[in-house]
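This report walks through one helix and its surroundings, and then turns to some unusual backbone angles. Please look at the structure first.

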Amino acid sequence: LTPHVTNTRAACVEMAEKFRNHEVIFGIEQEYTFFGGMRPLGFPDSGLPAPQGGYYCGVGSDEIFGREVVNAHLQACIDAGLHISGINAEVMPGQWEFQIGPVAAPRVADELWLARWILYRIAEDFLGPKGTPISATLNPKPVPGDWNGAGCHTNYSTKAMRANGGYDVIVEACEKLGKKAELHI
């Protein structure tokens with residue numbers, strides 16, 4: 001059988017096997033935003049909250065919105081055996097991030113998809129302000145204007161990068177990636 005052309009997992013498996021000797025591992029950082037109704041958690045019914053910035057890795061009910069959902073998601077991912085390695089509040093109210101990895105491909109991608117599904121499913125069990133259901137979105141620009149977007153960042157390393165003296169290997173990889181930055185973005 002031949003994988004369908006849209007099956008990017010098959011291509012990932014092929015590349016992972018091709019470069020197996022490099023022992024590549026990945027960490028993926030997934031940003032997302034919680035909404036309670038039509039507005040992000042932490043946004044007032046009208047107008048805007050305080051400017052972004054103080055919410056990043058913040059604490060306190062005046063800066064952090066949705067922590068109970070985040071904690072339930074974290075525990076569900078741990079219980080599912082996923083390699084979830086961190087969580088943090090992000091720059092905009094109601095915005096968070098979780099990290100999967102370090103794990104080799106294709107497992108890291110499989111676990112990212114599962115963690116996203118678990119996030120959406122867990123959010124269904126919580127209510128926001130005025131009893132509105134909480135939902136999560138991966139929308140890259142959930143609020144127009146000067147508000148932080150949400151992305152998904154990939155970190156990786158090879159066995160040579162992790163070895164003593166790996167700095168030169170890292171610089172070489174960055175220079176190669178830099179020649180085709182637009183393609184890699």
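## Helix H3 and its neighbours

In this predicted model, the buried residues of helix H3 pack against strand S1 (25-36), helix H2 (67-79), strand S4 (95-103), strand S5 (134-137) and strand S6 (152-157). H3 itself covers residues 107-123, and its 17 residues reach 24 Å from the first C-alpha to the last, close to the 24 Å expected at 1.5 Å a residue. Its buried residues are Val108, Glu111, Leu112, Ala115, Arg116, Ile118, Leu119, Ile122 and Ala123; seen down the axis of H3, they fall within an arc of 165°, so they line one face of the helix. On the other side of H3, Trp113 and Trp117 are exposed.

H2 and H3 pack with their axes 9 Å apart and at an angle of about 135°, which makes H2 oblique to H3. H2 passes H3 in a right-handed crossing, and the contact is made by Val69, Ala72, His73, Ala76 and Cys77 of H2 together with Ala115, Ile118, Leu119, Ile122 and Ala123 of H3.

## Backbone angles

Most residues other than glycine have a negative phi, and most peptide bonds are trans. The table lists two cis peptide bonds and two residues with positive phi.

| Site | Angle | Place |
|---|---|---|
| Gly101 to Pro102, cis | omega near 5° | Pro102 in strand S4 |
| Ala105 to Pro106, cis | omega near 0° | Pro106 in the loop between S4 and H3 |
| Glu23 | phi near 50° | loop between helix H1 (8-18) and S1 |
| Cys57 | phi near 55° | loop between strand S2 (39-40) and H2 |

Glu23 is partly exposed, with a relative accessible area of 40%, and Cys57 is partly exposed, with a value of 45%.

Notes:
Residues numbered from 1 in each chain as written. Predicted model: local features only at pLDDT ≥ 70, side-chain atom pairs only at ≥ 80, totals over all residues. Heavy atoms only, no water. Helix = DSSP H or I, 4+ residues; strand = E, 2+ residues; numbered from the N terminus. Expected span 1.5 Å × (residues − 1). Buried < 20%, exposed > 50% of the residue type's maximum accessible area, 1.4 Å probe, protein only. Arc of directions from axis to C-beta. Contact = heavy atoms within 4.5 Å. Axes fitted to C-alpha atoms, helices over the stretch in contact; angles between N-to-C directions. Parallel < 35°, antiparallel > 145°, perpendicular 65-115°, else oblique. Left-handed = near helix turned anticlockwise from the far one by under 90°.
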